[in-house]
There are 2 protein chains.
Amino acid sequence: MTESKLKAAITPARTEDFPEWYQQVVRAADLAENSEVRGCMVIKAWGYGIWENIQHQLDLMIKATGHKNVYFPLFIPLSYFQKEAAHVAGFAKECAVVTHHRLEIGDHGELRPAPSAELAEPLVVRPTSETIIGSAFARWVQSYRDLPILINQWANVVRWEMRPRLFLRTSEFLWQEGHTAHETKQEAIEEAVEMLEVYATFARNHLALPVYHGEKTESERFPGAVQTLCIEAMVQDRKAIQAGTSHFLGQNFAQSSGIRYVSRKGIEEYAWTTSWGVSTRLIGALIMTHADDDGMILPPRIAPAHVVILPITPKEETRSAVLEAAATLKDKIAAHRYADESIRVELDQRDIAGGAKNWEWIRRGVPVRIEIGPRDLSAGTVALSRRDQPVKEKIFMPSAEIVDQLPVILGEIQRNLYDRAKELRDSNTVRIDSKQDFYDFFTPKNNEKPEIHGGFALAHWSGNPDVETQIKEELKVTIRCIPFDQEIRDDRPDRCVISGEPSPRRVLFAKSY
Amino acid sequence: MTESKLKAAITPARTEDFPEWYQQVVRAADLAENSEVRGCMVIKAWGYGIWENIQHQLDLMIKATGHKNVYFPLFIPLSYFQKEAAHVAGFAKECAVVTHHRLEIGDHGELRPAPSAELAEPLVVRPTSETIIGSAFARWVQSYRDLPILINQWANVVRWEMRPRLFLRTSEFLWQEGHTAHETKQEAIEEAVEMLEVYATFARNHLALPVYHGEKTESERFPGAVQTLCIEAMVQDRKAIQAGTSHFLGQNFAQSSGIRYVSRKGIEEYAWTTSWGVSTRLIGALIMTHADDDGMILPPRIAPAHVVILPITPKEETRSAVLEAAATLKDKIAAHRYADESIRVELDQRDIAGGAKNWEWIRRGVPVRIEIGPRDLSAGTVALSRRDQPVKEKIFMPSAEIVDQLPVILGEIQRNLYDRAKELRDSNTVRIDSKQDFYDFFTPKNNEKPEIHGGFALAHWSGNPDVETQIKEELKVTIRCIPFDQEIRDDRPDRCVISGEPSPRRVLFAKSY
């Protein structure tokens with residue numbers, strides 16, 4: 001089970017076939033697999049462990065900004081979608097619809113939906129919960145004293161996918177959706193911006209994802225929103241992935257759901273609402289950003305295990321001493337903390353070949369591997385490998401030092417992954433000022449693989465949606481956002497890179513997931 | 001907004017109309033409400049906070065026994081239910097069935113399931129996941145080396161309810177479902193027993209629910225199980241509520257799903273599986289066990305807030321000093337720990353009348369209320385009220401002492417709630433040895449309210465299912481379990497209390513939720 005130093009664990013390499021490499025990493029790292037239900041995935045323990053850390057850490061931030069968790073029904077009456085016209089147009093095409101509430105044995109012994117149990121009104125499996133939460137807000141709010149309402153839920157949602165891909169596009173996915181109602185427009189806008197900042201901070205500091213943040217153009221807006229704010233990351237094939245969105249919904253949903261309140265002036269008014277969410281898609285973004293040709297590389301903060309200890313027991317006579325030393329080391333490490341959490345350490349005592357075991361943990365992307373064998377025991381050392389460094393590289397350290405060093409090393413790995421991703425992004429983000437350059441940038445040089453090309457283009461745009469249609473059709477490029485950052489936006493009037501129309505600032509163009 | 005000392009917060013009282021009292025407590029404590037979707041509830045922040053604590057604390061216990069969390073699809077193909085005959089018979093009648101994957105605008109502008117998007121095979125919204133998890137186990141298991149598999153998931157499930165009641169019986173509910181596969185029958189039985197013990201420990205120590213544990217009779221078994229183990233609690237109307245179940249599934253699901261492995265002897269064999277779960281129903285059990293005529297009473301360990309601080313600010317000139325002292329006290333309390341967690345403390349600064357505010361927290365059942373006003377400030381004291389004591393009772397304590405005393409007080413409340421519930425149960429658990437006594441015990445004395453009667457009857461039963469049918473029809477009584485505890489079971493042969501047939505031991509009879 002030994003593997004050559006030259007052969008990587010994942011075939012094909014990123015540069016050969018990025019989409020296939022992605023699928024192979026998901027498989028090799030044991031993160032998830034397709035189920036027999038089209039578009040629905042099984043999230044395995046290692047993948048779900050990442051989601052649990054995302055949930056726990058982001059949940060603390062959501063609560064620290066004053067929100068409380070709740071739970072709303074999975075099913076939404078069909079008529080609710082009809083209330084908000086723009087919303088229904090955006091979602092109507094891709095919903096799972098429940099039409100029966102009972103099964104029965106049919107004439108040929110087969111199980112079937114009981115015709116006598118057809119629902120009077122079909123129920124839609126929630127694709128998002130604005131409508132049903134809006135109707136609750138309408139019940140809960142009478143006066144300005146009842147505002148703001150600041151809630152969040154962690155839930156599963158369903159949007160039927162014809163071309164599913166694990167984590168990136170699945171018919172069912174897991175997410176959190178925050179929903180708030182406010183007295184004033186200003187307060188609701190501030191809420192939407194604040195939550196986008198929470199996402200940006202979380203992406204940078206926890207997921208090691210450098211992100212640009214900004215506002216979506218009208219054509220990319222959430223159905224029913226007045227403003228959609230987003231964070232956008234660049235993955236290793238230089239495409240963009242949206243890593244979180246926050247919507248200022250104006251009074252649209254308040255009007256369709258009837259969220260009215262008596263204001264401080266004694267006048268009945270509509271509330272102002274927001275919603276915001278991130279999903280298991282973030283795990284897809286993590287993989288495409290950090291993984292390499294040997295498998296997953298996990299940012300320590302969200303790794304299900306920070307450290308794995310691999311005891312090496314070649315001879316029976318030293319076996320118990322090695323296992324004992326490994327167990328002692330495990331307890332010592334677990335008593336230490338990194339990033340406000342106990343260090344998560346696993347001891348892999350499985351009776352399989354050491355090489356195979358080591359490679360399994362490499363593919364899974366555990367940040368630190370520690371080998372301890374009979375020779376280390378006598379020398380008082382251990383061999384430490386960092387997943388952000390070449391897989392064969394080992395650092396020999398006195399075992400007395402390693403425990404204190406681990407939080408430092410984990411912090412270095414976290415920062416290193418961020419820096420690498422930022423370096424890739426920055427070196428592939430360019431200002432483009434001519435249509436020819438724009439088309440060249442987003443056109444593969446030839447029809448051969450590797451097809452990795454392009455990146456983020458900061459270019460002028462007038463605001464004309466026809467330009468968006470044109471570049472989407474011709475290049476599969478979209479405007480990812482109008483950046484918040486003035487320096488990136490470059491607020492000097494110029495001409496749209498495509499149409500030549502007057503433009504106030506640059507926007508961020510890219511191909512995307 | 002002041003309320004008389006004599007009038008309780010909840011109408012009707014428990015003794016007047018227990019079912020209606022229950023609904024009023026749910027409402028008054030702001031735990032949950034019905035949604036417009038029949039049988040589906042909205043779990044509000046205070047109710048969901050209880051569930052979050054249950055999740056977090058039980059999850060630690062599930063992980064400490066070697067299980068990892070995963071996530072399986074919400075949808076299960078209809079054909080999966082056909083595989084396991086006993087299973088389908090048990091669940092087939094109450095499922096939500098997805099038949100379409102798209103909506104469209106119909107001829108009259110109405111939204112409808114698109115006829116062109118009818119699914120070839122309907123999908124069932126999971127009522128439980130044995131079948132789909134079994135099919136994954138079949139993929140994952142080849143050899144005895146792949147066993148055991150020990151997984152759990154936290155998820156929503158749907159079982160259509162015609163007579164829903166908040167938390168107790170809802171069409172959608174939240175739960176955890178553990179699923180394991182083992183090499184031997186013995187190991188699987190031990191797993192099922194171990195997880196029941198985890199539930200019993202959790203119920204007693206965290207939820208303050210005294211429980212009997214034992215095995216269900218064949219007629220009460222989970223569809224497809226060989227043995228169903230359960231814990232049963234008694235609530236205040238003396239009925240039983242099942243608070244958790246653990247199933248030894250034998251090789252039934254292994255055979256229907258094809259979970260085969262090559263054994264140590266090189267022979268292909270079927271694995272042995274288990275499953276076990278608890279749900280948001282536990283919150284219903286908590287309410288019916290601990291709440292009183294003033295609203296909810298929460299066991300401290302699972303209370304969303306352990307303590308609320310209520311500043312009393314009658315005069316403008318002392319207002320800021322009181323608020324400052326309250327904020328300082330909050331920080332001091334939050335830095336202390338109770339039951340391995342930071343003390344959860346809220347400071348309620350809302351500008352509403354003090355009496356109304358105090359009653360709101362009484363109804364919500366927060367374990368400890370601390371009032372702090374101008375007089376307390378000069379006296380260096382605070383007034384503490386415990387929810388397990390009469391609502392008007394206050395303990396005046398030096399504010400310097402309260403912080404150190406709180407963990408002790410919370411521990412006392414936790415123990416007190418358990419002791420009360422145990423006292424109620426024990427005083428209403430009787431050994432019955434004649435059919436007449438049995439019928440008397442379970443028959444209301446007259447047709448008037450209060451209808452609270454009966455309790456737990458420990459009586460002999462031969463094993464004849466006809467007896468179960470008879471008492472269910474005539475008295476609405478079922479066998480809750482065959483207790484594990486020999487002393488309770490009373491292992492001396494006698495005669496069935498109903499049929500007179502020979503019986504090896506007593507079983508536990510009760511009316512139930």
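How many helices and strands does the secondary structure of chain A come to? Select chain A and count: 15 helices and 29 strands. Both are DSSP runs numbered from the N terminus, helices being H or I with at least four residues and strands E with at least two.

This is a predicted model, where local features need pLDDT of at least 70, side-chain atom pairs count only at pLDDT 80 or more, and totals for chains, interfaces and linings use all residues. Residues are numbered from 1 along each chain as its sequence is written, while chains are lettered from A and ligands numbered from 1 in the order in which they are written.

**Both chains**

Show chains A and B together. A rotation of 180° with 0.0 Å of shift along its axis lays chain A on chain B, at RMSD 0.0 Å. The two copies are thus related as by a two-fold rotation axis. The fit is by least squares on C-alpha atoms of residues with pLDDT of at least 70 in both copies. Now pick Val98(A): in chain A, its C-alpha is the nearest to the axis, 2.1 Å away.

**Strand β29 of chain B**

Select residues 506-510 of chain B, strand β29. Five of the five residues are buried, so the strand is largely enclosed by the rest of the structure. Buried means 20 or more other C-beta atoms, placed from the backbone, within 10 Å of a residue's own. Arg506(B), Leu508(B) and Ala510(B) lie on one side, Val507(B) and Phe509(B) on the other. In a regular strand, side chains alternate between the two faces of the sheet.

**Its partners**

Add β25(B), residues 456-460: this strand pairs antiparallel with β29(B) over four bridges. Pairing takes at least two DSSP bridges. Find Ala459(B), whose bridge partner is Val507(B). Next add β26(B), residues 478-483, joined antiparallel to β29(B) by three bridges. Here Cys481(B) stands opposite Leu508(B).

Definitions and conventions: Buried ≥ 20, exposed ≤ 12 C-beta atoms within 10 Å, placed from the backbone.
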